[in-house]
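User: I am new to reading protein models and would like to go through one step by step. Please show it, and then I will ask my questions.

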Amino acid sequence: MPEHGHGHHGHGGQMTPEQQRQMIEQEIRLAKNLGQIKHKIIVMSGKGGVGKSTVAANLAETLQKLGFKTGILDADIHGPNIPKMLGLELYGESFRQNQFETFKEITEAGLEAENFQTDEEKQEFIKAKQQEYSQTLFPVKTPSGLKVMSMAFLLEDIETPIIWRGPQKTGAIKQLISDAHWGELDYLIIDNPPGTGDEPLTVLQTIPDADAVIMVTTPNVVSQEDVLKCVKMVGMMNIDKIGLIENMAYYVCPHCGEKLNIFGKGNGELFAEEMEINYLGDLPIEEKVSDSPNHDGTISTLDPSDEVAKRFVEIVSDIQKEFIKD
């Protein structure tokens, strides 16, 4: 399996010939991988704690459930929560074993298709495959078939903190995007780190042809102010296809059915209008949603009849209608 470094440059911004070669090879892998993906949707938030990763995971599983070949990239270096939300807790040796098994499946399928006559031909084919996939990370699949790649898989355990400076983080994000073997996908959902720093900027620069950027906010003035900064940053990248989802907008009392605005009355639609972006609707606070990672899945897969799961189907439909041009 490949050795994965952190993509840093030489001192003073000067790259050695070897670093230049590696950078060019990475750009080639990046173009090849992204070229096989029809649609790319980036999910962002101005601050943490607004349910961005929950939204990203449910959007991805909803698309997969609707019959689209879908992948999700967890680009959050410091808080890679997507695997936990999807019930995929592979670290260290278990992830390396998963990589070996996936490589073995691909190689065996190739051997069967080629129908080689001699052992020498088979060995040459295997060597060629090892060379081809020497820099590759194979996404892990959920039971639904959703493909998942995350920094979490590269840790020895979930308690290992990642204490990196900017260049290491941006290098790692580019590597996750360039080296993941997605194959042909209809959709790739990218769960971007919160805010307007190095990491979210790297994703936007690396995937400039994103079909849409989906902002997640809550009915909270601070959250909305932070989202406004994100919207302006995305606009500066010349991306104008932006949607807004207002999460935790209300709570329905299980006893009387009354709709309660715990964080204050939401004005997401008005907020979206003021920013001149598309409003994609709101989502309620629901205990089953926050508890779903404890049951190894998202609400979209655990209980498709749930009100929130139905809302995600509607939101996916709105995203396709507003932003996806096949």
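User: Is Lys 129 buried or exposed, and what is its relative accessible area?

Analyst: This is a predicted model, in which local features need pLDDT of at least 70 and side-chain atom pairs count only at pLDDT 80 or more, while totals for chains, interfaces and linings use all residues. Residues are numbered from 1 along each chain as its sequence is written, and side-chain values use heavy atoms, with hydrogens and water left out. Buried means under 20% relative accessible area, exposed over 50%, and partly exposed in between (1.4 Å probe, protein chains only). Lys 129 therefore counts as buried, and its relative accessible area is 16%.

User: Which residue does Lys 129 meet in a salt bridge?

Analyst: A salt bridge is a side-chain nitrogen of Lys or Arg within 4 Å of a carboxyl oxygen of Asp or Glu. The partner of Lys 129 lies with it in helix H5 (residues 119-132), 3 residues away, about one turn of the helix. Helices (H or I, at least four residues) and strands (E, at least two) are DSSP runs, numbered from the N terminus. The N to O distance is 3.2 Å, and the partner is Glu 132.

User: How many residues apart are Arg 96 and Glu 156?

Analyst: The side chains of Arg 96 and Glu 156 meet in a salt bridge at 3.1 Å, N to O. This pair links distant parts of the chain, with Arg 96 in helix H4 and Glu 156 in the loop between S4 and helix H6 (166-179). Arg 96 is partly exposed because its relative accessible area is 39%, and Glu 156 is partly exposed at 49%. Along the chain, the two are 60 residues apart.

User: What is the order of the strands in the open sheet?

Analyst: The sheet has 8 strands, and the pairing is mixed. Two strands pair if DSSP finds at least two bridges between them. The order is S3-S4-S2-S5-S1-S6-S7-S10.

User: Why is one side of strand S3 and of strand S10 left without a neighbour in the sheet?

Analyst: Strand S3 (140-141) pairs with strand S4 (residues 147-150) in the antiparallel sense over 2 bridges. Within this pairing, Val 140 has Val 148 as its bridge partner. S3 and strand S10 (278-282) stand at the edges of the sheet, so each has a single partner strand.

User: How many residues of strand S6 are buried?

Analyst: On one side of S6, Ala 212, Ile 214 and Val 216 are buried, and on the other Val 213, Met 215 and Thr 217 are buried. S6 pairs with strand S1 (residues 37-45) in the parallel sense over 5 bridges, and 5 bridges also join S6 to strand S7 (residues 242-246), again parallel. S6 (residues 212-217) is largely enclosed by the rest of the structure, because the number of buried residues is 6 of the 6.

User: Which residue in S7 does Ile 214 stand opposite?

Analyst: In the pairing with S1, Ile 42 stands opposite Val 213 in S6. In the pairing with S7, Ile 214 stands opposite Gly 243.

User: What is the relative accessible area of Lys 321?

Analyst: Lys 321 and Asp 318 both lie in helix H12 (residues 307-323), 3 residues apart. Their side chains meet in a salt bridge at 3.9 Å, N to O. Asp 318 is partly exposed at 26% relative accessibility. Lys 321 is exposed because its relative accessible area is 57%.
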